[in-house]
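Here are a few short exercises to help you find your way around a new structure. Try each task yourself before reading its solution.

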Amino acid sequence: MSDLATGSRRWWALGFIALAQFMVIMDTSIIGVALPRMRVDLGFSPGGLSWVFNAYVIALAGLLLLGGRLSDLLGARRVFAAGWVILAVGSVVAALAGTAGVELVGRVVQGAGSALIAPSALTLLMTVFGPRPGELGKALAIYGAAAPAGGTAGVFLGGVITQWLSWPWVFWLYVPIAAVAIVATPLLMPVAGRSRGSVDVTGAAAVTGGLALAVLAIVRAPQVGWAAPSTLAILAGAVVLLAGFVALQRIRREPLVRLGIFRTPLLGAANLAQALLGAAWIPMWYFLNLYLQQVLGYGAFASGAALLPMTLLIVLLMVAVAPRLIARLGAKPLIVGGLVALAAGLVWLSFARPTGNFLVDVLPASLLAALGQALAFIPSLGTAIGSARPEEGGLAAGLVNTSYQVGSALGLAAMTAVGVSFGAGRIGHPAELTAGFSAAFLGAAGIAVLGAILVLLVFRTRRLANAPDREPARVG
(Lines give C-alpha, C1' and ligand atoms only; values in the text may rest on other atoms or scores of the structure.)
Protein backbone atom coordinates (compact mmCIF):
# COMPACT_ATOMS: atom_id res chain seq x y z
CA MET A 1 0.00 0.00 0.00
CA SER A 2 1.18 3.49 -0.85
CA ASP A 3 2.88 5.62 1.76
CA LEU A 4 0.06 8.09 1.22
CA ALA A 5 -2.17 5.72 3.19
CA THR A 6 0.04 5.68 6.29
CA GLY A 7 0.01 7.86 9.39
CA SER A 8 -2.49 10.68 9.75
CA ARG A 9 -2.91 10.95 5.99
CA ARG A 10 -5.17 7.93 5.90
CA TRP A 11 -7.66 9.79 8.08
CA TRP A 12 -7.53 12.74 5.70
CA ALA A 13 -8.13 10.23 2.92
CA LEU A 14 -11.11 8.86 4.83
CA GLY A 15 -12.44 12.39 5.20
CA PHE A 16 -12.43 12.85 1.42
CA ILE A 17 -13.92 9.39 0.87
CA ALA A 18 -16.74 10.18 3.31
CA LEU A 19 -17.17 13.59 1.66
CA ALA A 20 -17.56 11.84 -1.69
CA GLN A 21 -20.31 9.60 -0.33
CA PHE A 22 -21.93 12.60 1.36
CA MET A 23 -21.98 14.62 -1.87
CA VAL A 24 -23.18 11.72 -4.05
CA ILE A 25 -26.22 11.13 -1.86
CA MET A 26 -26.82 14.82 -1.16
CA ASP A 27 -27.32 15.33 -4.88
CA THR A 28 -30.51 13.26 -4.60
CA SER A 29 -32.02 15.53 -1.94
CA ILE A 30 -30.57 19.01 -2.33
CA ILE A 31 -32.90 19.69 -5.25
CA GLY A 32 -36.02 18.83 -3.22
CA VAL A 33 -36.76 22.30 -1.85
CA ALA A 34 -35.83 23.94 -5.18
CA LEU A 35 -38.29 21.87 -7.22
CA PRO A 36 -41.27 24.26 -7.11
CA ARG A 37 -39.14 27.13 -8.43
CA MET A 38 -37.51 24.91 -11.03
CA ARG A 39 -40.98 23.88 -12.21
CA VAL A 40 -41.92 27.51 -12.88
CA ASP A 41 -38.58 28.57 -14.41
CA LEU A 42 -38.03 25.51 -16.62
CA GLY A 43 -41.59 24.58 -17.49
CA PHE A 44 -41.85 21.14 -15.89
CA SER A 45 -45.27 19.52 -15.60
CA PRO A 46 -46.32 18.37 -12.11
CA GLY A 47 -45.76 14.74 -13.08
CA GLY A 48 -42.57 15.47 -14.98
CA LEU A 49 -41.01 17.34 -12.08
CA SER A 50 -39.97 14.09 -10.41
CA TRP A 51 -37.60 13.46 -13.31
CA VAL A 52 -35.21 16.05 -11.86
CA PHE A 53 -34.68 13.43 -9.16
CA ASN A 54 -35.18 10.33 -11.30
CA ALA A 55 -32.76 11.32 -14.07
CA TYR A 56 -29.92 11.47 -11.56
CA VAL A 57 -30.89 8.35 -9.64
CA ILE A 58 -31.45 6.22 -12.76
CA ALA A 59 -28.02 7.12 -14.14
CA LEU A 60 -26.42 6.55 -10.74
CA ALA A 61 -28.17 3.24 -10.05
CA GLY A 62 -27.79 1.90 -13.57
CA LEU A 63 -24.09 2.69 -13.84
CA LEU A 64 -22.88 1.86 -10.32
CA LEU A 65 -21.90 -1.68 -11.24
CA LEU A 66 -20.09 -0.43 -14.34
CA GLY A 67 -18.28 2.12 -12.18
CA GLY A 68 -17.13 -0.64 -9.86
CA ARG A 69 -15.86 -2.70 -12.79
CA LEU A 70 -13.97 0.25 -14.24
CA SER A 71 -12.47 0.89 -10.82
CA ASP A 72 -11.07 -2.65 -10.78
CA LEU A 73 -9.70 -2.41 -14.33
CA LEU A 74 -8.37 1.15 -14.48
CA GLY A 75 -7.49 1.77 -10.85
CA ALA A 76 -9.74 3.25 -8.18
CA ARG A 77 -7.81 6.49 -7.81
CA ARG A 78 -8.02 7.27 -11.52
CA VAL A 79 -11.74 6.47 -11.70
CA PHE A 80 -12.40 8.47 -8.50
CA ALA A 81 -10.81 11.58 -10.04
CA ALA A 82 -12.59 11.08 -13.37
CA GLY A 83 -15.91 10.83 -11.55
CA TRP A 84 -15.39 14.25 -9.97
CA VAL A 85 -14.60 15.75 -13.38
CA ILE A 86 -17.81 14.35 -14.88
CA LEU A 87 -19.85 15.41 -11.85
CA ALA A 88 -18.53 18.96 -12.21
CA VAL A 89 -19.41 19.06 -15.92
CA GLY A 90 -22.93 17.83 -15.23
CA SER A 91 -23.33 20.41 -12.45
CA VAL A 92 -22.41 23.24 -14.82
CA VAL A 93 -24.91 22.02 -17.41
CA ALA A 94 -27.66 21.70 -14.78
CA ALA A 95 -26.93 25.15 -13.35
CA LEU A 96 -27.01 26.86 -16.76
CA ALA A 97 -30.07 25.00 -18.06
CA GLY A 98 -32.82 27.14 -19.50
CA THR A 99 -35.18 24.33 -20.42
CA ALA A 100 -36.42 21.16 -18.79
CA GLY A 101 -34.64 18.97 -21.35
CA VAL A 102 -31.22 20.52 -20.75
CA GLU A 103 -31.74 20.27 -17.01
CA LEU A 104 -32.37 16.54 -17.28
CA VAL A 105 -29.24 16.09 -19.43
CA GLY A 106 -27.20 17.77 -16.72
CA ARG A 107 -28.72 15.52 -14.08
CA VAL A 108 -27.91 12.40 -16.11
CA VAL A 109 -24.28 13.52 -16.45
CA GLN A 110 -24.14 14.21 -12.72
CA GLY A 111 -25.45 10.71 -12.05
CA ALA A 112 -22.84 9.17 -14.35
CA GLY A 113 -20.07 10.98 -12.47
CA SER A 114 -21.42 9.85 -9.12
CA ALA A 115 -21.59 6.27 -10.40
CA LEU A 116 -17.81 6.40 -10.84
CA ILE A 117 -17.16 8.12 -7.52
CA ALA A 118 -19.19 5.87 -5.20
CA PRO A 119 -17.68 2.43 -5.92
CA SER A 120 -14.14 3.72 -6.36
CA ALA A 121 -14.41 5.54 -3.01
CA LEU A 122 -15.25 2.29 -1.24
CA THR A 123 -12.39 0.50 -3.00
CA LEU A 124 -10.01 3.22 -1.82
CA LEU A 125 -11.35 2.91 1.72
CA MET A 126 -10.68 -0.82 1.73
CA THR A 127 -7.21 -0.25 0.27
CA VAL A 128 -6.35 2.19 3.06
CA PHE A 129 -7.97 0.45 6.03
CA GLY A 130 -8.34 -3.17 4.92
CA PRO A 131 -4.91 -4.16 6.32
CA ARG A 132 -5.85 -2.52 9.65
CA PRO A 133 -8.84 -4.46 11.05
CA GLY A 134 -8.77 -2.43 14.24
CA GLU A 135 -9.49 0.76 12.29
CA LEU A 136 -11.65 -0.68 9.52
CA GLY A 137 -14.83 -0.81 11.61
CA LYS A 138 -14.58 2.85 12.54
CA ALA A 139 -13.84 3.83 8.95
CA LEU A 140 -16.86 1.92 7.65
CA ALA A 141 -19.09 3.51 10.30
CA ILE A 142 -18.04 6.99 9.23
CA TYR A 143 -18.46 6.08 5.58
CA GLY A 144 -21.90 4.55 6.22
CA ALA A 145 -23.14 7.56 8.20
CA ALA A 146 -22.10 9.92 5.39
CA ALA A 147 -24.85 8.63 3.09
CA PRO A 148 -27.95 9.33 5.21
CA ALA A 149 -26.33 12.47 6.58
CA GLY A 150 -25.85 13.76 3.03
CA GLY A 151 -29.38 12.84 2.06
CA THR A 152 -31.03 14.64 4.94
CA ALA A 153 -28.60 17.57 5.16
CA GLY A 154 -29.23 18.27 1.48
CA VAL A 155 -32.83 19.17 2.24
CA PHE A 156 -31.82 21.95 4.63
CA LEU A 157 -28.90 23.18 2.54
CA GLY A 158 -31.10 23.24 -0.56
CA GLY A 159 -33.56 25.45 1.29
CA VAL A 160 -30.86 27.88 2.37
CA ILE A 161 -29.42 28.16 -1.13
CA THR A 162 -32.78 28.46 -2.87
CA GLN A 163 -34.03 31.11 -0.45
CA TRP A 164 -30.97 33.35 -0.33
CA LEU A 165 -29.44 32.78 -3.77
CA SER A 166 -31.35 30.89 -6.47
CA TRP A 167 -31.92 27.26 -7.46
CA PRO A 168 -28.95 27.06 -9.92
CA TRP A 169 -26.63 27.42 -6.94
CA VAL A 170 -27.60 23.97 -5.67
CA PHE A 171 -25.61 22.79 -8.71
CA TRP A 172 -22.86 25.43 -8.69
CA LEU A 173 -22.01 24.24 -5.17
CA TYR A 174 -20.52 21.06 -6.62
CA VAL A 175 -18.03 22.78 -8.91
CA PRO A 176 -15.52 24.14 -6.32
CA ILE A 177 -15.85 20.99 -4.20
CA ALA A 178 -15.10 18.87 -7.28
CA ALA A 179 -12.07 21.04 -8.06
CA VAL A 180 -10.67 20.52 -4.56
CA ALA A 181 -11.31 16.78 -4.76
CA ILE A 182 -9.53 16.50 -8.12
CA VAL A 183 -6.45 18.26 -6.73
CA ALA A 184 -6.48 16.31 -3.46
CA THR A 185 -6.94 12.85 -4.98
CA PRO A 186 -3.31 12.25 -6.10
CA LEU A 187 -2.04 13.75 -2.83
CA LEU A 188 -4.15 11.72 -0.40
CA MET A 189 -5.41 8.61 -2.13
CA PRO A 190 -3.33 5.43 -2.47
CA VAL A 191 -2.72 3.71 -5.79
CA ALA A 192 -5.14 0.79 -5.65
CA GLY A 193 -4.48 -2.40 -7.53
CA ARG A 194 -5.68 -2.99 -11.08
CA SER A 195 -6.94 -6.19 -12.68
CA ARG A 196 -7.07 -7.48 -16.23
CA GLY A 197 -10.34 -8.05 -18.03
CA SER A 198 -13.08 -6.52 -20.13
CA VAL A 199 -16.03 -4.24 -19.48
CA ASP A 200 -19.59 -5.43 -20.01
CA VAL A 201 -20.85 -2.25 -21.65
CA THR A 202 -23.85 -4.06 -23.13
CA GLY A 203 -24.94 -5.25 -19.71
CA ALA A 204 -24.58 -1.76 -18.22
CA ALA A 205 -26.65 -0.27 -21.06
CA ALA A 206 -29.33 -2.95 -20.63
CA VAL A 207 -29.83 -2.45 -16.90
CA THR A 208 -29.79 1.37 -17.19
CA GLY A 209 -32.21 1.37 -20.12
CA GLY A 210 -34.54 -1.12 -18.45
CA LEU A 211 -34.71 0.93 -15.28
CA ALA A 212 -35.33 4.16 -17.23
CA LEU A 213 -38.19 2.58 -19.21
CA ALA A 214 -39.79 1.18 -16.05
CA VAL A 215 -39.78 4.59 -14.37
CA LEU A 216 -41.04 6.30 -17.54
CA ALA A 217 -43.99 3.92 -17.82
CA ILE A 218 -44.97 4.41 -14.17
CA VAL A 219 -44.75 8.22 -14.37
CA ARG A 220 -46.77 8.44 -17.60
CA ALA A 221 -49.47 5.95 -16.63
CA PRO A 222 -51.76 8.35 -14.70
CA GLN A 223 -52.03 10.60 -17.79
CA VAL A 224 -52.30 8.01 -20.57
CA GLY A 225 -53.74 5.06 -18.65
CA TRP A 226 -52.22 1.91 -17.16
CA ALA A 227 -53.71 -0.24 -19.90
CA ALA A 228 -52.80 2.14 -22.74
CA PRO A 229 -50.78 0.53 -25.55
CA SER A 230 -47.90 2.94 -25.00
CA THR A 231 -47.71 2.10 -21.27
CA LEU A 232 -47.75 -1.63 -21.95
CA ALA A 233 -45.16 -1.28 -24.71
CA ILE A 234 -42.78 0.68 -22.51
CA LEU A 235 -43.18 -1.80 -19.65
CA ALA A 236 -42.56 -4.66 -22.05
CA GLY A 237 -39.39 -2.95 -23.23
CA ALA A 238 -38.25 -2.57 -19.61
CA VAL A 239 -38.87 -6.27 -18.93
CA VAL A 240 -36.98 -7.30 -22.07
CA LEU A 241 -33.96 -5.15 -21.23
CA LEU A 242 -33.79 -6.24 -17.59
CA ALA A 243 -34.25 -9.89 -18.52
CA GLY A 244 -31.54 -9.45 -21.15
CA PHE A 245 -29.23 -8.05 -18.48
CA VAL A 246 -29.75 -11.11 -16.29
CA ALA A 247 -29.18 -13.41 -19.25
CA LEU A 248 -25.97 -11.61 -20.14
CA GLN A 249 -24.68 -11.96 -16.59
CA ARG A 250 -25.24 -15.71 -16.78
CA ILE A 251 -23.21 -16.19 -19.97
CA ARG A 252 -20.52 -13.55 -19.67
CA ARG A 253 -17.09 -14.76 -18.60
CA GLU A 254 -16.57 -11.44 -16.80
CA PRO A 255 -20.04 -10.14 -15.86
CA LEU A 256 -20.84 -6.95 -14.02
CA VAL A 257 -22.54 -9.08 -11.36
CA ARG A 258 -21.72 -12.67 -10.49
CA LEU A 259 -25.26 -13.95 -10.01
CA GLY A 260 -24.10 -16.64 -7.59
CA ILE A 261 -23.49 -13.96 -4.97
CA PHE A 262 -27.23 -13.81 -4.37
CA ARG A 263 -27.06 -17.31 -2.89
CA THR A 264 -25.14 -15.82 0.01
CA PRO A 265 -27.39 -16.02 3.09
CA LEU A 266 -28.79 -12.67 4.23
CA LEU A 267 -27.32 -10.68 1.34
CA GLY A 268 -30.46 -10.88 -0.76
CA ALA A 269 -32.69 -10.09 2.19
CA ALA A 270 -30.59 -7.08 3.18
CA ASN A 271 -30.63 -5.76 -0.38
CA LEU A 272 -34.42 -6.19 -0.47
CA ALA A 273 -34.71 -4.24 2.78
CA GLN A 274 -32.57 -1.42 1.37
CA ALA A 275 -34.61 -1.26 -1.85
CA LEU A 276 -37.94 -1.02 -0.03
CA LEU A 277 -36.50 1.42 2.51
CA GLY A 278 -35.49 3.76 -0.31
CA ALA A 279 -38.85 3.25 -2.04
CA ALA A 280 -40.68 4.43 1.09
CA TRP A 281 -38.29 7.09 2.37
CA ILE A 282 -37.57 9.11 -0.78
CA PRO A 283 -41.25 9.77 -1.63
CA MET A 284 -41.74 10.88 1.98
CA TRP A 285 -39.30 13.78 1.85
CA TYR A 286 -40.20 14.61 -1.78
CA PHE A 287 -43.91 15.09 -1.06
CA LEU A 288 -43.32 16.59 2.37
CA ASN A 289 -41.28 19.36 0.73
CA LEU A 290 -44.12 20.00 -1.71
CA TYR A 291 -46.70 20.03 1.12
CA LEU A 292 -44.71 22.58 3.08
CA GLN A 293 -44.31 24.91 0.11
CA GLN A 294 -47.43 24.42 -1.99
CA VAL A 295 -49.98 23.94 0.80
CA LEU A 296 -48.59 25.60 3.93
CA GLY A 297 -46.98 28.39 1.88
CA TYR A 298 -43.45 28.05 3.25
CA GLY A 299 -40.57 29.64 1.40
CA ALA A 300 -37.54 27.63 0.37
CA PHE A 301 -35.51 28.50 3.48
CA ALA A 302 -38.40 27.90 5.87
CA SER A 303 -39.15 24.57 4.20
CA GLY A 304 -35.56 23.41 4.58
CA ALA A 305 -35.43 24.60 8.18
CA ALA A 306 -38.65 22.75 8.94
CA LEU A 307 -36.94 19.47 8.08
CA LEU A 308 -33.76 20.23 10.06
CA PRO A 309 -35.00 18.46 13.23
CA MET A 310 -35.46 15.30 11.17
CA THR A 311 -31.93 15.67 9.80
CA LEU A 312 -30.36 16.11 13.22
CA LEU A 313 -32.26 13.16 14.66
CA ILE A 314 -31.13 10.83 11.87
CA VAL A 315 -27.47 11.79 12.20
CA LEU A 316 -27.58 11.42 16.00
CA LEU A 317 -29.26 8.03 15.89
CA MET A 318 -27.07 6.60 13.16
CA VAL A 319 -23.78 7.67 14.68
CA ALA A 320 -24.41 7.31 18.41
CA VAL A 321 -27.34 4.93 18.90
CA ALA A 322 -27.74 2.46 16.04
CA PRO A 323 -24.33 0.72 16.44
CA ARG A 324 -25.03 0.03 20.13
CA LEU A 325 -28.50 -1.30 19.39
CA ILE A 326 -27.14 -3.56 16.66
CA ALA A 327 -24.61 -5.02 19.11
CA ARG A 328 -27.31 -5.62 21.71
CA LEU A 329 -30.33 -6.67 19.62
CA GLY A 330 -28.97 -7.74 16.26
CA ALA A 331 -29.88 -6.39 12.83
CA LYS A 332 -33.24 -8.05 12.15
CA PRO A 333 -35.26 -6.46 15.01
CA LEU A 334 -33.91 -3.03 14.11
CA ILE A 335 -34.70 -3.38 10.41
CA VAL A 336 -38.24 -4.60 11.08
CA GLY A 337 -38.84 -2.06 13.83
CA GLY A 338 -37.40 0.74 11.72
CA LEU A 339 -39.63 -0.07 8.74
CA VAL A 340 -42.69 -0.24 10.99
CA ALA A 341 -41.81 3.13 12.57
CA LEU A 342 -41.29 4.64 9.11
CA ALA A 343 -44.70 3.30 8.03
CA ALA A 344 -46.34 4.76 11.15
CA GLY A 345 -44.78 8.15 10.48
CA LEU A 346 -46.02 8.08 6.88
CA VAL A 347 -49.56 7.16 7.96
CA TRP A 348 -49.45 10.04 10.44
CA LEU A 349 -48.36 12.40 7.65
CA SER A 350 -51.31 11.26 5.54
CA PHE A 351 -53.62 13.04 8.02
CA ALA A 352 -52.03 16.41 7.19
CA ARG A 353 -54.65 19.10 6.58
CA PRO A 354 -54.93 21.79 3.89
CA THR A 355 -55.08 24.30 6.75
CA GLY A 356 -52.52 22.49 8.87
CA ASN A 357 -49.44 23.78 10.68
CA PHE A 358 -45.90 22.56 11.20
CA LEU A 359 -46.09 21.63 14.90
CA VAL A 360 -49.19 19.46 14.54
CA ASP A 361 -49.12 18.11 10.97
CA VAL A 362 -45.40 17.80 10.20
CA LEU A 363 -42.97 17.75 13.13
CA PRO A 364 -44.07 14.70 15.17
CA ALA A 365 -44.80 12.53 12.14
CA SER A 366 -41.54 13.44 10.40
CA LEU A 367 -39.53 12.66 13.53
CA LEU A 368 -41.19 9.25 13.81
CA ALA A 369 -40.39 8.53 10.16
CA ALA A 370 -36.81 9.68 10.71
CA LEU A 371 -36.50 7.33 13.68
CA GLY A 372 -37.55 4.45 11.46
CA GLN A 373 -35.12 5.37 8.69
CA ALA A 374 -32.22 5.67 11.12
CA LEU A 375 -32.93 2.32 12.79
CA ALA A 376 -33.31 0.35 9.55
CA PHE A 377 -30.60 1.85 7.34
CA ILE A 378 -27.34 1.00 9.11
CA PRO A 379 -28.12 -2.65 10.03
CA SER A 380 -29.40 -3.49 6.53
CA LEU A 381 -26.37 -1.81 4.92
CA GLY A 382 -23.92 -3.52 7.25
CA THR A 383 -25.57 -6.92 6.81
CA ALA A 384 -25.44 -6.63 3.00
CA ILE A 385 -21.71 -5.88 3.03
CA GLY A 386 -20.75 -8.20 5.88
CA SER A 387 -22.59 -11.23 4.52
CA ALA A 388 -20.40 -11.52 1.43
CA ARG A 389 -17.04 -13.21 1.20
CA PRO A 390 -14.18 -10.79 1.94
CA GLU A 391 -13.01 -10.80 -1.69
CA GLU A 392 -16.51 -9.78 -2.82
CA GLY A 393 -17.02 -6.96 -0.36
CA GLY A 394 -16.75 -4.36 -3.11
CA LEU A 395 -19.37 -6.11 -5.23
CA ALA A 396 -21.66 -6.44 -2.23
CA ALA A 397 -21.30 -2.72 -1.48
CA GLY A 398 -22.08 -1.87 -5.10
CA LEU A 399 -25.14 -4.10 -5.04
CA VAL A 400 -26.59 -2.60 -1.86
CA ASN A 401 -26.05 0.94 -3.16
CA THR A 402 -27.74 -0.04 -6.40
CA SER A 403 -30.65 -1.62 -4.52
CA TYR A 404 -31.28 1.54 -2.52
CA GLN A 405 -31.08 3.81 -5.56
CA VAL A 406 -33.27 1.57 -7.74
CA GLY A 407 -35.83 1.34 -4.95
CA SER A 408 -35.75 5.13 -4.57
CA ALA A 409 -36.34 5.74 -8.28
CA LEU A 410 -39.14 3.20 -8.66
CA GLY A 411 -40.76 4.17 -5.35
CA LEU A 412 -40.82 7.86 -6.24
CA ALA A 413 -42.13 7.12 -9.73
CA ALA A 414 -44.93 4.95 -8.34
CA MET A 415 -45.90 7.39 -5.59
CA THR A 416 -45.79 10.30 -8.04
CA ALA A 417 -48.28 8.38 -10.18
CA VAL A 418 -50.46 7.76 -7.12
CA GLY A 419 -50.22 11.36 -5.92
CA VAL A 420 -51.05 12.87 -9.31
CA SER A 421 -54.01 10.51 -9.68
CA PHE A 422 -55.47 11.86 -6.42
CA GLY A 423 -54.80 15.55 -7.09
CA ALA A 424 -51.12 16.24 -6.38
CA GLY A 425 -50.84 18.07 -9.70
CA ARG A 426 -53.56 20.61 -8.87
CA ILE A 427 -51.30 23.58 -8.15
CA GLY A 428 -53.21 26.35 -6.39
CA HIS A 429 -55.85 24.02 -4.94
CA PRO A 430 -54.70 23.18 -1.38
CA ALA A 431 -57.41 20.61 -0.69
CA GLU A 432 -56.72 18.64 -3.88
CA LEU A 433 -52.96 18.89 -3.38
CA THR A 434 -53.23 17.63 0.18
CA ALA A 435 -55.40 14.71 -0.94
CA GLY A 436 -52.77 13.74 -3.51
CA PHE A 437 -49.92 14.04 -1.04
CA SER A 438 -51.85 11.99 1.54
CA ALA A 439 -52.38 9.22 -1.00
CA ALA A 440 -48.65 9.19 -1.76
CA PHE A 441 -47.80 9.01 1.96
CA LEU A 442 -50.17 6.08 2.43
CA GLY A 443 -48.71 4.31 -0.59
CA ALA A 444 -45.19 4.76 0.77
CA ALA A 445 -46.38 3.46 4.15
CA GLY A 446 -47.62 0.34 2.40
CA ILE A 447 -44.17 -0.17 0.88
CA ALA A 448 -42.56 0.11 4.33
CA VAL A 449 -45.03 -2.40 5.80
CA LEU A 450 -44.32 -4.79 2.93
CA GLY A 451 -40.62 -4.42 3.66
CA ALA A 452 -41.11 -5.26 7.34
CA ILE A 453 -43.15 -8.37 6.48
CA LEU A 454 -40.64 -9.62 3.92
CA VAL A 455 -37.72 -9.10 6.30
CA LEU A 456 -39.57 -11.11 8.93
CA LEU A 457 -40.06 -13.93 6.43
CA VAL A 458 -36.70 -14.10 4.65
CA PHE A 459 -34.16 -12.73 7.14
CA ARG A 460 -32.74 -15.88 8.71
CA THR A 461 -29.98 -16.33 11.26
CA ARG A 462 -27.52 -19.01 10.18
CA ARG A 463 -23.90 -19.61 9.33
CA LEU A 464 -22.68 -18.11 6.11
CA ALA A 465 -22.45 -20.84 3.51
CA ASN A 466 -19.59 -19.15 1.72
CA ALA A 467 -17.56 -18.57 4.85
CA PRO A 468 -17.43 -21.82 6.82
CA ASP A 469 -14.56 -20.69 8.97
CA ARG A 470 -16.10 -17.41 9.98
CA GLU A 471 -18.91 -16.80 12.42
CA PRO A 472 -21.61 -14.58 10.98
CA ALA A 473 -22.48 -11.23 12.43
CA ARG A 474 -25.44 -11.31 14.77
CA VAL A 475 -28.56 -10.60 12.74
CA GLY A 476 -31.41 -11.14 15.12
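**Exercise 1.** How are α13 and α14 oriented to each other: parallel, antiparallel, perpendicular or oblique?

*Solution.* Keep in mind that you are looking at a predicted model. Start with the two elements: helix α13 covers residues 308-329 and helix α14 covers residues 331-349. Next, take the geometry: their axes cross at roughly 125° and come within 7 Å. An angle over 145 degrees would count as roughly antiparallel, and 65 to 115 as roughly perpendicular. The angle fits neither class, and α13 and α14 are therefore oblique to each other. Finally, look at who touches whom: A322, L325, I326 and L329 of α13 meet A331, P333 and L334 of α14. The residues of this contact divide into seven nonpolar, no polar and no charged.

**Exercise 2.** Which residues of α3 and α4 meet, and what is their character?

*Solution.* Begin with the packing: helix α3 (residues 51-74) and helix α4 (residues 76-96) have axes 7 Å apart, at an angle of about 130°. That angle makes α3 oblique to α4. Now list the partners: α3 brings G67, L70, S71 and L74, while α4 brings A76, R78 and V79. Sorting the residues of this contact gives four nonpolar, two polar and one charged.

**Exercise 3.** Which parts of the chain does the salt bridge of R107 with D27 tie together?

*Solution.* First check the distance: the closest N and O atoms of R107 and D27 are 2.9 Å apart. This is within the 4 Å cut-off for a salt bridge. Then place the residues: R107 lies in helix α5 (residues 100-129) and D27 in helix α1 (residues 9-29), so the pair ties together parts that are 80 residues apart in sequence. In total, the count comes to two salt bridges.

**Exercise 4.** Which helix gives the largest share of the nonpolar surface patch?

*Solution.* Collect the members: L272, V449, I453, L456, L457 and V458 make a patch of about 480 Å². Helix α17 (residues 430-458) supplies the largest share, five residues. I453, for one, is placed in α17.

Key. Residues are numbered from 1 along each chain as its sequence is written. This is a predicted model: local features need pLDDT of at least 70, side-chain atom pairs count only at pLDDT 80 or more; totals for chains, interfaces and linings use all residues. Side-chain values use heavy atoms; hydrogens and water are left out. Axes are lines fitted to C-alpha atoms, for helices over the stretch in contact, and angles run from 0 to 180 degrees between N-to-C directions. Helices (H or I, at least four residues) and strands (E, at least two) are DSSP runs, numbered from the N terminus. Angles under 35 degrees count as roughly parallel, over 145 as roughly antiparallel, 65 to 115 as roughly perpendicular and the rest as oblique. Contact means heavy atoms within 4.5 Å. Ala, Val, Leu, Ile, Met, Phe, Trp, Tyr, Cys and Pro count as nonpolar, Asp, Glu, Lys and Arg as charged, and the others, Gly among them, as polar. Patches are made of residues with over 30% relative accessible area and no salt bridge: like charges are joined within 9 Å, nonpolar side chains (Val, Leu, Ile, Met, Phe, Trp, Tyr) within 5 Å. Accessible areas come from the Shrake-Rupley method with a 1.4 Å probe; for residues, only the protein chains shown count as cover. A salt bridge is a side-chain nitrogen of Lys or Arg within 4 Å of a carboxyl oxygen of Asp or Glu.
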